[in-house]
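Let's take a walk through a protein model together, one region at a time. Keep the structure open beside you and find each part as we come to it.

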Amino acid sequence: MADLRGGIDLGGTKIQTAIVDADGKVLGQSRRPTPTDGGPEDVAAEMAASLREAADEAGVQTETLVGVGVGSPGDADERTGVVSGARNLPGWEGSFPLAATLKEALDAEVRVGNDVQVATEAEFHLGAGREFQSLIGVFWGTGVGGGLVLDGKPWLGRGAAGEIGHMVVKRDGAKCPCGRKGCMEAYAGRGAMEAEARRQHEEGTKTDLFKLMHKHEKDRLTSGIWERALDHGDHLAEKLVDRAIEALGTGIASAVNLLDPEAVIIGGGLGVRFGERYMGPLTKEMGKHLFVDERPPAVRVASLGDLGGAVGASLLVSS
Ligand SMILES: [Zn+2]
């Protein structure tokens with residue numbers, strides 16, 4: 001089989017891998033939890049093992065792959081293959097030569113890129129963004145990440161473009177996990193929403209969010225827990241999700257005013273779960289801030305789901 005590529009989506013909770021053919025069809029896949037202790041070497045070993053599993057399922061050897069692409073958190077240098085400051089991963093505050101390490105383990109060429117950017121490009125080439133030439137990908141999950149495709153090409157800036165989660169939606173506003181104030185992520189990121197829910201719960205606000213979390217044996221408020229709470233009519237959950245939608249609408253509209261893209265693609269754990277349900281409120285919030293409001297961009301939910309990151313990563317490899 002010619003022209004097969006590997007893709008690895010390295011996340012804070014899981015490593016998802018896929019073997020993909022030239023048409024973007026997935027022939028093998030595997031998923032493993034991301035190690036929670038150790039260091040970058042341990043994470044890289046787990047990534048290699050997961051990709052070998054996917055290759056087994058596809059019936060190929062990793063050394064016959066055209067190459068392997070990796071979507072990584074932190075600062076992923078496409079040129080050198082070095083990943084720095086991946087703070088969601090164990091012991092990865094510094095720099096680690098991820099591409100070189102995986103190349104040795106897998107006997108294949110390896111390219112690394114930013115996880116959110118590769119997921120945006122996957123939606124552009126194969127998913128909800130296929131019919132557009134310019135789009136903004138908004139990945140609404142633990143944080144809020146973004147990716148850009150302009151005139152059919154990825155826009156990376158000097159390597160740090162697309163940080164839509166850190167657009168300021170309120171001057172001197174809520175504290176963001178990044179340490180600054182008033183970012184969109186400070187209101188819309190799952191992590192920030194959980195911190196605010198905890199604070200209000202401790203101050204005596206009634207909510208079933210944490211009861212549901214314990215009942216379903218989770219250690220954090222996952223997107224599924226938020227959804228259950230909304231289905232129960234939990235007031236605090238409703239209030240915090242509405243606040244998140246307001247922040248997302250404000251930040252996304254500001255980005256649209258600057259770039260005028262044809263489409264906005266909403267992905268990420270919360271985005272995929274709530275995108276359709278909140279499409280009306282989100283486009284309404286955006287509408288308040290759009291300068292050219294009679295011609296809003298298309299807003300779509302990401303369609304590649306869980307495997308989008310791994311499939312997108314495989315696109316880093318040119319045939
Ligand atoms: Zn921030």
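This report looks at a sheet, the helices that pack on it, a zinc site, a further helix and two residues in loops. Please keep in mind that the model is predicted.

**The sheet**

Start with the open sheet, which is built from five strands in the order β3-β2-β1-β4-β8 with mixed pairing. Its edges are β3, covering residues 26-33, and β8, covering residues 110-114, and each of these pairs on one side only. On average, neighbouring strands of this sheet are turned by 15° against each other, direction ignored.

How do the strands of this sheet pair? The table shows three of the pairings.

| Strands | Direction | Bridges |
|---|---|---|
| β1 and β2 | antiparallel | six bridges |
| β2 and β3 | antiparallel | seven bridges |
| β4 and β8 | parallel | five bridges |

You can check each row by looking for facing residues. In the pairing of β1 with β2, R5 stands opposite V20 in β2. For β2 with β3, try T17, which stands opposite S30 in β3. For β4 with β8, look at G71, whose bridge partner in β8 is G113.

Now follow the chain from strand to strand. β1 and β2 make a hairpin with three residues between them. The hairpin of β2 and β3 has five residues between its strands, and there G24 takes a positive phi near 85°.

Is β2 largely enclosed or largely open? Six of its seven residues are buried, so β2 is largely enclosed by the rest of the structure. While you have the strands on screen, here is a general point: in a regular strand, side chains alternate between the two faces of the sheet.

**Helices on the sheet**

Which strands does helix α1 touch? This helix, residues 40-58, packs on the sheet and touches β1, β2, β3 and β4. The direction of α1 makes about 150° with that of β3.

Helix α2, made of residues 98-106, lies across β1, β4 and β8. Relative to β8, α2 runs at about 145°.

**The zinc site**

Next, find the zinc ion. Which residues coordinate it? The donors are ND1 of H166 and the SG atoms of C176, C178 and C183, at 2.0 to 2.4 Å. The angles among the four donor atoms are 103 to 115°, and the site is tetrahedral. For comparison, the ideal angle for four tetrahedral donors is 109.5 degrees.

Along the sequence, the donor residues follow the spacing H-x9-C-x1-C-x4-C. H166 and C183 both lie in the loop between β11 and α4, so this pair ties together parts that are 17 residues apart in sequence.

Are H166 and C183 buried or exposed? H166 has a relative accessibility of 28%, so it counts as partly exposed. C183 has a relative accessible area of 2% and is buried.

**Helix α7 and its surroundings**

Move on to helix α7, which spans residues 223-231. Its buried residues are S223, G224, I225, W226, A229 and L230. What do they pack against? Their partners are the helices α5, α6, α8 and α9. After α7 comes G233, with a positive phi near 75°.

**Two residues in loops**

T207 sits in the loop between α5 and α6. With 9% relative accessibility, T207 counts as buried, because the cut-off for that label is under 20%. Its side chain reaches the backbone nitrogen of L209 at 3.1 Å. The T207 side chain also makes a polar contact with the side chain of D234, at 3.0 Å. Leaving aside neighbours within four places in sequence, T207 is in contact with H201, D234 and L236.

The other residue is G152, found in the loop between β10 and β11. At 25% relative accessibility, G152 counts as partly exposed. Leaving aside neighbours within four places in sequence, G152 is in contact with F124 and Q133. How far is G152 from G269? They are 117 residues apart in sequence, and their C-alpha atoms are 26 Å apart in space.

Key: Residues numbered from 1 in each chain as written. Predicted model: local features only at pLDDT ≥ 70, side-chain atom pairs only at ≥ 80, totals over all residues. Heavy atoms only, no water. Pairing = 2+ DSSP bridges. Helix = DSSP H or I, 4+ residues; strand = E, 2+ residues; numbered from the N terminus. Axes fitted to C-alpha atoms, helices over the stretch in contact; angles between N-to-C directions. Contact = heavy atoms within 4.5 Å. Buried < 20%, exposed > 50% of the residue type's maximum accessible area, 1.4 Å probe, protein only. Donors = N, O, S within 2.8 Å, 3.2 Å for Na, K, Ca; no water. Tetrahedral: all angles 85-135°; square planar, octahedral: opposite > 155°, others 65-115°. Polar contact = N/O pair within 3.5 Å; in protein donor to acceptor, adjacent residues only side chain to side chain.
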